[in-house]
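Take a look at the model below. This report then walks through a few of its local features.

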Amino acid sequence: MPVFRRRKGSRPRLVPELDDVPLGRVRQRLGASWVRGELDTTVTAQVSRVIEDAGEDWDRKAHRLGVLAAAAGRALPGIWRRHQPRDQHALLLHAWSELVQAGRPGSSADLGEARATCLQAADLLPADPTPWVVYLATLRHERRPYQELSAIWKEIKARDPWNREAHLQALGYLSPDECGSTVQVVDLLDSIRYGMPADAPAAGLEMTSIVRGHQRAVATGGLAAISAGDHWRRPEVASVLDRAAQDWPRPGFFRHATALADLNVLAFALVKSVRMDEAATALRATTGVATPWPWNAEGDPLERFSQQYERLAKTAS
């Protein structure tokens, strides 16, 4: 049986919602509404519903809010919040959209107001880790002292110990590229390695760290770049790849909202480590859905993903 089997919708594509079809529909409607620059009550009702429908699946809620915040621009979330000041969805979308805008080139936004908004949202649903996750992301963006992050980290872990977005934010903050060091990254990974279920939403954290380490070495240049290929032959890295290549592509193994993003990271790592049969299996499991990172480190992400997807499809058929 061929590793790849062509079916409708398997053509490589770059969609922020990944495989979340309801989210994709709302994202498109929200983008059109933002272009008009007005509050469309029908659209805001759809936005609210798609967030609410995530229920207590906190990773799906975070995924949906992040995608919608990127699509909404700045005006609409603020207008919705002013119309519904006690709506947790409106508050969270506004805070996340402020975070998105602060990341734009040339922005000098102060995220203190976004953090205050997060605290208001947290009061409305105390069990929800999402306001604290957004709060953590604002602290990371402003490179606030570690003590501030530590307190918020405890709030998140008490509510959702394996929250994917929170762990990615912590990994970024603790990396040598931002406010931490390689030792601090290792400490973070050690703290979760033995207690976290293999199929937890944050299970891709170590793989993400491995790929970032490789890309950091390549970007550094010189001897670090020349020896970057040795990165994949280290026993501890090979062991992580072995486990992930065996388990992650299996149907139903991952159930979290952004499983396809983790499969993209795995596929990239397997290609770089020249484990092509396993890379083909991982790419097939993505169903052709590409993510910007990690492929964008080498140019246009959809082009880079498609090259591997199409080449390995032919090899495997």
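Buried means under 20% relative accessible area, exposed means over 50%, and partly exposed is in between (1.4 Å probe, protein chains only). This is a predicted model, in which local features need pLDDT of at least 70 and side-chain atom pairs count only at pLDDT 80 or more, while totals for chains, interfaces and linings use all residues. Residues are numbered from 1 along each chain as its sequence is written, and side-chain values use heavy atoms, with hydrogens and water left out.

**Backbone**

Most residues other than glycine have a negative phi, and most peptide bonds are trans. Two residues listed here have a positive phi. Helices (H or I, at least four residues) and strands (E, at least two) are DSSP runs, numbered from the N terminus.

| Residue | Phi | Loop between | Relative accessibility |
|---|---|---|---|
| Leu18 | about 60° | β1 (13-14) and α1 (21-36) | 10%, buried |
| Thr287 | about 55° | α15 (276-285) and β2 (289-290) | 23%, partly exposed |

Neither Leu18 nor Thr287 is a glycine. There is also a cis peptide bond, running from Trp293 to Pro294, with omega near 10°. Pro294 sits in helix α16 (residues 292-295).

**Around Thr208**

Trp293 turns up again as a partner of Thr208. Contact means heavy atoms within 4.5 Å. Setting aside neighbours within four places in sequence, Thr208 touches Leu168, Leu171, Val265 and Trp293. Thr208 belongs to helix α11 (residues 205-220). Its relative accessible area is 3%, so Thr208 is buried.

**Two packed helices**

How do α8 and α9 pack, and at what angle? The angle is about 160°, and the axes are 11 Å apart. Axes are lines fitted to C-alpha atoms, for helices over the stretch in contact, and angles run from 0 to 180 degrees between N-to-C directions. Helix α8 covers residues 146-159, and helix α9 covers residues 164-174. The two are therefore roughly antiparallel (an angle over 145 degrees). Tyr146, Leu149, Trp153, Ile156 and Lys157 of α8 meet Ala166, His167, Ala170, Tyr173 and Leu174 of α9.

**Cysteines**

Why are there zero disulfides? A disulfide is a pair of cysteine sulfur atoms within 2.5 Å. The sulfur of Cys118 has its closest cysteine sulfur in Cys179, 18 Å away, which is too far for a bond. Cys118 is buried, at 1% relative accessibility. Cys179 is partly exposed, at 31%.

How values were computed
Parallel < 35°, antiparallel > 145°, perpendicular 65-115°, else oblique.
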